[in-house]
Structures are given as C-alpha cells and as structure tokens.
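Here are a few short exercises to work through with the model open beside you. Try each task before reading its solution.

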Amino acid sequence: MNTITINIPDEHLLKLQQKATRLGISVEELVLMSVEELLNQPETSFSEAMEYVLNKNVELYKRLA
C-alpha cells in the first residue's frame, strides 16, 4: 500500500473528522472508503455527470422550497 499527502481546506477536514467520528472510523478509513466507492462507479461522460449533479440539486432545492 502506498501513502499520499493531500492539502484540503480546514473546513473540509473538520467535516471529514465529524463524519468519521459519527461512523466510528478514522478519517483515513473514511477517505479510503470514498476512494474505493469512486473507483467502483461506472464511468460516465462529463456531460452525464453534470446532468446528474444538476438534477440532484434541483431535487434538493424543491425539497427545501
């Protein structure tokens, strides 16, 4: 296994730490799980991905409105 170093904004690290704590796992485990999930997703085109994100945002907006 290899080690990587990344720089992320403090507020993102805080959110990662909070989520990891709620799940009872380390930040490293949470990040690794996220990477594995991303790698297991079927590849889509950029336009398909953007359409998906926009649709999800519309759904969220409608729920909040």
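**Exercise 1.** State what share of the 65 residues in the protein chain is buried.

*Solution.* Start with the cut-offs: buried means under 20% relative accessible area, exposed over 50% and partly exposed in between, with a 1.4 Å probe and protein chains only. By this count, buried residues make up 3% of the chain's 65 residues. The model is a predicted one, where local features need pLDDT of at least 70, side-chain atom pairs count only at pLDDT 80 or more, and totals for chains, interfaces and linings use all residues. Residues are numbered from 1 along each chain as its sequence is written, and side-chain values use heavy atoms, leaving out hydrogens and water.

**Exercise 2.** Describe the fold order and the spread of the protein chain.

*Solution.* First, list the elements: three helices and zero strands (DSSP runs numbered from the N terminus, with helices H or I of at least four residues and strands E of at least two). Next, compare the radius of gyration (over C-alpha atoms) with the globule rule, 2.2 Å times the number of residues to the power 0.38. The chain has 15 Å, well over the 11 Å that the rule gives for 65 residues, so it is more spread out than a compact globule. Reading from the N terminus, the order is α-α-α.

**Exercise 3.** Place Asp10 and classify its accessibility.

*Solution.* Asp10 sits in helix 1, residues 10-23. Its relative accessibility is 66%, so Asp10 counts as exposed. Finally, its C-alpha atom is separated by 28 Å from that of Tyr52, 42 residues apart along the chain.
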